[in-house]
Amino acid sequence: MLTIRPAVRDDGPEVARMYVDAWNAGFGDLMPTAVLDDGRVARWSETLAGGNWWVAELDGTIAGFVGIGPSRDPIDPELGELDTITVDVPYWRQGVGTALIHKATEELSAQYDEAILWTLANYPQAQNFYTKNGWTLTTTTRDHGHQVSYRRTFRSSTPRAHTR
Ligand SMILES: CC(C)(COP(=O)(O)OP(=O)(O)OC[C@H]1O[C@@H](n2cnc3c(N)ncnc32)[C@H](O)[C@@H]1OP(=O)(O)O)[C@@H](O)C(=O)NCCC(=O)NCCS
């Protein structure tokens, strides 16, 4: 059974391990190879302890994780960001990512009017995944076009005119 629970500091080693594995298997030649080391584990443990991160468990085994926060680049405390979503490689294409992004989107919509996420250009695995889950590709890019952004609007920030 798939369940989603808040992440805790002790999830750091497993989260760091699956992040590195999924990065290398997913991005391939699009990005430099990521390496698992103590520093990475420590950074993930610290990040998870800060809240707004969740893990998906399949029968008690962590199969993926997701986190949200305010937009980092550009810095905008009013704009939510889907920070990182990762599914452990053996569980790809089994709906774990969909369950995680539903949780993240629900939490983003509770905290922000609008949210952004960034992924790589020419990376159908994530681009199809985000489109299928209701996010819209924008024309805003970073890193000389290597990164593309998607947005999701939850509610208009324009106050409604009062009518009688
Ligand atoms: C992207 C990722 C989170 C998707 O997780 P997942 O659990 O495999 O996704 P799901 O099983 O919920 O897939 C939902 C839909 O996404 C799309 N999708 C997922 N993987 C895909 C792939 N390899 N190629 C094309 N479309 C894909 C499909 O439309 C899929 O629906 P379908 O299986 O019915 O066709 C996962 O592949 C991953 O962790 N990748 C490595 C890290 C990464 O790329 N993170 C995001 C980068 S910003």
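This dialogue shows how to read several features of a predicted model.

Trainee: Where does the ligand sit in this predicted model, and how many residues surround the ligand?

Mentor: One begins with the place of the ligand and then lists its neighbours. Here the ligand sits in the largest pocket. It is surrounded by 20 residues, and the closest are Arg93, Gly97, Thr98, Tyr123 and Gln125.

Trainee: Which elements give two or more residues to the shell around the ligand?

Mentor: They are α1 (12-27), β4 (75-87), α3 (96-111), β5 (114-120) and α4. The largest share comes from α4, with five residues.

Trainee: Which polar atoms of the protein are found close to oxygen atoms of the ligand?

Mentor: A polar contact is read as a pair of N or O atoms within 3.5 Å. In this structure, a polar backbone atom of Arg93 is 2.7 Å from an oxygen atom of the ligand. The side chain of Gln125 has an N or O atom 2.8 Å from a ligand oxygen, and for the side chain of Lys132 the corresponding distance is 2.9 Å. Of the 920 Å² that the ligand exposes when taken alone, the protein buries 80%.

Trainee: Is Asn133 buried or exposed?

Mentor: A residue counts as buried when its relative accessible area is under 20%. Asn133 has a relative accessibility of 12%, so it is buried. This residue lies in the loop between α4 (124-132) and β6 (136-142). A polar atom of the Asn133 side chain lies 2.9 Å from the backbone oxygen of Phe129. Leaving aside residues up to four places away in sequence, Asn133 touches Thr98, Ile101, His102 and Arg152.

Trainee: Why is Ile4 described as partly exposed?

Mentor: The label partly exposed applies between 20% and 50%. Ile4 is given that label because its relative accessible area is 32%. Ile4 belongs to strand β1 (residues 2-6). Beyond residues up to four places away in sequence, its contacts are Trp54, Val55, Ala56, Ala99, Leu100 and Lys103.

Trainee: What can one learn by setting separation along the chain beside separation in space?

Mentor: The two values are read together, one pair at a time. Ile4 and Gly28 are 24 residues apart along the chain, and their C-alpha atoms are separated by 28 Å. Tyr19 and Arg43 are also 24 residues apart along the chain, but the C-alpha atoms of Tyr19 and Arg43 are separated by 12 Å. For Gly64 and Tyr123, a sequence separation of 59 residues goes with a C-alpha distance of 19 Å.

Trainee: In which element is Tyr19 found, and which residues does Tyr19 touch?

Mentor: Tyr19 is part of helix α1. Its relative accessible area is 17%, and it is therefore buried. Not counting residues up to four places away in sequence, Tyr19 touches Arg40, Trp44, Phe65, Thr84 and Thr86.

Trainee: What are the relative accessibilities of Ser71 and Gly64?

Mentor: Ser71 is at 4% and so counts as buried, while Gly64 is at 0% and likewise counts as buried. Strand β3 (residues 61-72) holds Ser71, and Gly64 is found in strand β3 too. With residues up to four places away in sequence set aside, Ser71 touches Asp76, Leu79, Gly80, Glu81 and Ile116. On that basis the contacts of Gly64 include Met18, Trp54, Thr86 and Leu100.

Terms used: Residues numbered from 1 in each chain as written. Predicted model: local features only at pLDDT ≥ 70, side-chain atom pairs only at ≥ 80, totals over all residues. Heavy atoms only, no water. Helix = DSSP H or I, 4+ residues; strand = E, 2+ residues; numbered from the N terminus. Buried < 20%, exposed > 50% of the residue type's maximum accessible area, 1.4 Å probe, protein only. Polar contact = N/O pair within 3.5 Å; in protein donor to acceptor, adjacent residues only side chain to side chain. Contact = heavy atoms within 4.5 Å. Near = heavy atom within 4 Å. Areas by Shrake-Rupley, 256 points an atom, 1.4 Å probe, with all protein chains shown as cover. 1 Å grid on protein atoms, 1.4 Å probe; cavity = no way out; pocket = protein on both sides within 12 Å on 5 of 7 lines; lining within 4 Å. Sits in = over half its atoms within 2 Å of the grid points.
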